[in-house]
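Colleague: I should like to go through the ligand site with you and hear the grounds for each term you use.

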Amino acid sequence: MVYVRKLFRSIALLFLLSPGYSPAAETTLRFVTWKSETAQMWDQPIADFEKQNPGVKIIREIGPQSSTQLHDLITQKLKNRDTEMDLFVMDVIWPAEFASAGWAFPLDRFFSLAEQKQFLDAPIQANRYRGQVFGVPLFIDAGLLYYRKDLLEKYRMSPPRTWPELVEEAKTILTREKDPQLVGFSGQFKQYEGLICNMMEYILSNGGNLWDDKRMVSTLNQPNAVEAVRFVRDRIIGQIAHRGVLAYEEPESLVLFTEGKAVFHRNWPYAWNVANDPQRSKIAGKIGMIPLPSFPGGKGVAALGGWQLAISRFSKKSELAWRFVAFMTSHAMQKRITLSTGRAPTRVALYNDREVLDQLPQLESLWETFKQAVPRPTTPVYVPLSNIMQRYFSSVLALPDTDIDNRAALAARDMNRVLDLLREAPAR
Ligand code: GLC
């Protein structure tokens, strides 16, 4: 017996001392995510995690920035039951689909209710499906209006409260500035998920909606919704925004603003840090940020966005993957990510943290916007519905002579077909 133990020890020693040995006996975790505009989002936190967990290596697979394209990549792997991918980032609209398809690992065993209470309620609700929780909110997003404070001050204007006011102010500034490079507005109008966020902000702030969640019918063809879409087409695109916005996602639209070539800009909270960084922006210190306007008599609406960390149902390393999720969404790490990137935290306590508020005073005023941000409806068939809406918005915005009522009716009919399927589906 003693002999056997000695033999084992010498074999182990030989193995450790052999020149080929590397900590490749290490465990790896494959994490699929998008590329961030700053190294502080992933590089540094991951390096810290690896330092704290010797023998664990995070292999990062960088997918597309666009939520729609990243969804295709991640769902393809999940459909293939790919055991390579352990972890992924999850847009706030995906949990219902991923949960109902059995793709995301339920986290209740790790993520207690008491811990969930430490987070903002809206993103937690978005991660819940049929009583279980499938993701941990990493940061929250809400649509905001950015503007050139210097230009508004120059023309003694106050920041717009309504969309028509925004259009009028932009037109006046463009006429007076006589700068052929300057446009009035930049936002995200390409055919992808960001288009839904932008368009729902106009539609809902005009008293309309995308669909009626209770009756499960599309409301895209109702007058308030159609009117808002017509406003964007006739008063914004090709008027105060150049038609290039029809191909813009967040990064392109932000560059136009940071280059000093747009008066108004719609984006998520991270744009504040980028636009105020003299290394990356020509308008640092010259901008303001306020809640999005409404239509007269209405209330401004911000789309709720944000990203979660989730574990694949097919991962063989869920315990270890959870260690990474818990680390990245811990109070300390969220604070660091918030301070270094300006992304809005999902942990409530950070909105009362002096250090955070001293460095990002805007978070105090954003609190209300986050609390009131409107989620996109939670349903496992969100993606097909979004695709129908994307095609409708994109075609009517791009073609000024299309009959919007007619296109809206067709889109509503297609959406209702998908919604019917849901109504017929047996509860799981
Ligand atoms: C942001 C939001 C996300 C949204 C996407 C659209 O990343 O956090 O929820 O779907 O923008 O482009």
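Colleague: What makes the pair formed by tryptophan 268 and an oxygen atom of the ligand a polar contact?

Modeller: The model is a predicted one. In it, a polar side-chain atom of tryptophan 268 lies 3.2 Å from an oxygen atom of the ligand. A polar contact requires N or O atoms within 3.5 Å, so this pair qualifies.

Colleague: Which polar atoms of glycine 306 and tryptophan 307 lie by an oxygen atom of the ligand?

Modeller: For glycine 306 it is a polar backbone atom, at 2.8 Å. For tryptophan 307 it is a polar side-chain atom, at 2.9 Å. Taken alone, the ligand exposes 310 Å², of which the protein buries 92%.

Colleague: Why are Asp91, Tyr192 and Arg376 counted among the residues that surround the ligand?

Modeller: A residue is counted because one of its heavy atoms lies within 4 Å of the ligand. The residues that surround the ligand include Asp91, Tyr192 and Arg376. The shell divides into four nonpolar, three polar and five charged residues.

Colleague: Which element gives the most to this shell?

Modeller: β13 does, with three residues. Both α9 (193-204) and β13 (304-311) supply at least two. Domain 1 (26-141 + 305-372) and domain 2 (144-301 + 381-424) each contribute at least three residues.

Colleague: What is the space taken by the ligand called?

Modeller: That space is the largest cavity. The term cavity applies because a 1.4 Å probe fits there but cannot get out.

How values were computed
Residues numbered from 1 in each chain as written. Predicted model: local features only at pLDDT ≥ 70, side-chain atom pairs only at ≥ 80, totals over all residues. Heavy atoms only, no water. Polar contact = N/O pair within 3.5 Å; in protein donor to acceptor, adjacent residues only side chain to side chain. Areas by Shrake-Rupley, 256 points an atom, 1.4 Å probe, with all protein chains shown as cover. 1 Å grid on protein atoms, 1.4 Å probe; cavity = no way out; pocket = protein on both sides within 12 Å on 5 of 7 lines; lining within 4 Å. Sits in = over half its atoms within 2 Å of the grid points. Helix = DSSP H or I, 4+ residues; strand = E, 2+ residues; numbered from the N terminus. Nonpolar A, V, L, I, M, F, W, Y, C, P; charged D, E, K, R; others polar. Domains from an automatic or database assignment.
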